[in-house]
Amino acid sequence: DIHSINRHITGSKKDASKKFEEDVLNGLLSSPKKLYPKYFYDEEGTALFRKIMDTPEYYLTGCELDIFKNKTAELAKCITPDVAPFDLIELGAGDGFKSKHLLHYLSRANAEFTYMPIDISNSILGFLRNSLQTELPRLQVQGFEGEYMEMLTEACASSNRRKVILFLGANIGNMEVDESINFCRQLRTLLSPGDLVLIGFDLKKNPKTVLSAYNDKSGVTSMFNLNLLKRINRELLANFVLDQYEHYPMYDPVSGSCRSFLVSLRSQHVNIGKQTIQFEKDEVIAMEISQKYNLNEIRSLAKNTGFETVGMVMDSQEWFVDAIWKI
Ligand code: AVJ
């Protein structure tokens, strides 16, 4: 069976939980208080994100799926300028249900490539592996479980073939604009001439549309945020009282920053292991940024970080874009 997933786990489970504890305590001891969105994705959080994608308000996934379903040929043409074998590395692959359209297309075209999904969620990588085994049994797959840059460095070093990096789903939106500049510069240093990057950006649009995507009527996004407190309770022996914190999303249409917070509904404290964290009434924890862009901002991001834009593929509503960059 040439179909295999090798799990690359850097460090031990203990290191990961130590780092989680450090990040949580540092975040809650800083002002304003903050937590990192990468920690949303434990098993329950991953399931909740899948539920978010199914809410009528969360348009992002449908838009990018439209691109991958209906503009597959255009994407494939951009990323396979010649027949040389390549590695297709996907950051934050999730269940891969968008990229699968591209994988099917490339496989049918007899492109020679290895698919390398990277994800921080072990449970979703397993799910992806299983589904690929049945759908595309001849596809070569090598999975990497861990954080973006660490795993990307490993994946890039694993062969000297041409690299195509997929970074879909507007995951880049979870970075502040200056962080995304650093990220793209760092990504650039891992790549060589001929390599390509395909990044999904959520575009600025009617602010009501954006805000409601992060404020669904069924309350799944609120549960998604609160789940991180639940995870902290369980894994770091803390005692957050979940119904004393309320989800508050906001969108600034000028900067394009959509942010979500948890608001403490009363003055209270929480114990995390041996530490005590004090909350004022109405004090917030900054949970997540989901940055929105326009096409010019995307072009300058590429330019400022050493890339050249060679393609912009949008969905039919022009709400989302997959930008293709080369060095
Ligand atoms: C997975 C980071 C793209 O920011 O839109 C969805 C996560 N948070 N609803 C996003 C998320 C709240 C999502 N990303």
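Around the ligand in this predicted model, the shell of residues (those whose C-beta atom, placed from the backbone, lies within 6 Å of the ligand) consists of Ile52, Leu60, Gly169, Ala170, Asn171, Gly173, Asn174, Tyr214, Thr221, Phe224, Glu288 and Ser290. Two or more residues of this shell come from each of α10 and β12 (284-291), where helices (H or I, at least four residues) and strands (E, at least two) are DSSP runs numbered from the N terminus.

Residues are numbered from 1 along each chain as its sequence is written. Because the model is predicted, local features need pLDDT of at least 70 and side-chain atom pairs count only at pLDDT 80 or more, while totals for chains, interfaces and linings use all residues.

The table describes α10.

| Feature of α10 | Value |
|---|---|
| Residues 220-235 | 16 residues |
| First C-alpha to last | 22 Å |
| Bend at Leu226 | about 25° |

The bend is the angle between axes fitted to the seven residues ending at a residue and the seven starting there. Among the buried residues of α10 are Thr221 and Phe224, and both also belong to the shell around the ligand; a residue is called buried if 20 or more other C-beta atoms, placed from the backbone, lie within 10 Å of its own. After α10 comes Leu237, whose phi is positive, near 50°.

Elsewhere, Leu132 lies in helix α6 (residues 122-135), and Leu132 counts as buried because 20 other C-beta atoms lie within 10 Å. Leu132 and Gly96 are 36 residues apart in sequence, yet their C-alpha atoms are 9.0 Å apart in space.

Note on methods
Expected span 1.5 Å × (residues − 1). Buried ≥ 20, exposed ≤ 12 C-beta atoms within 10 Å, placed from the backbone.
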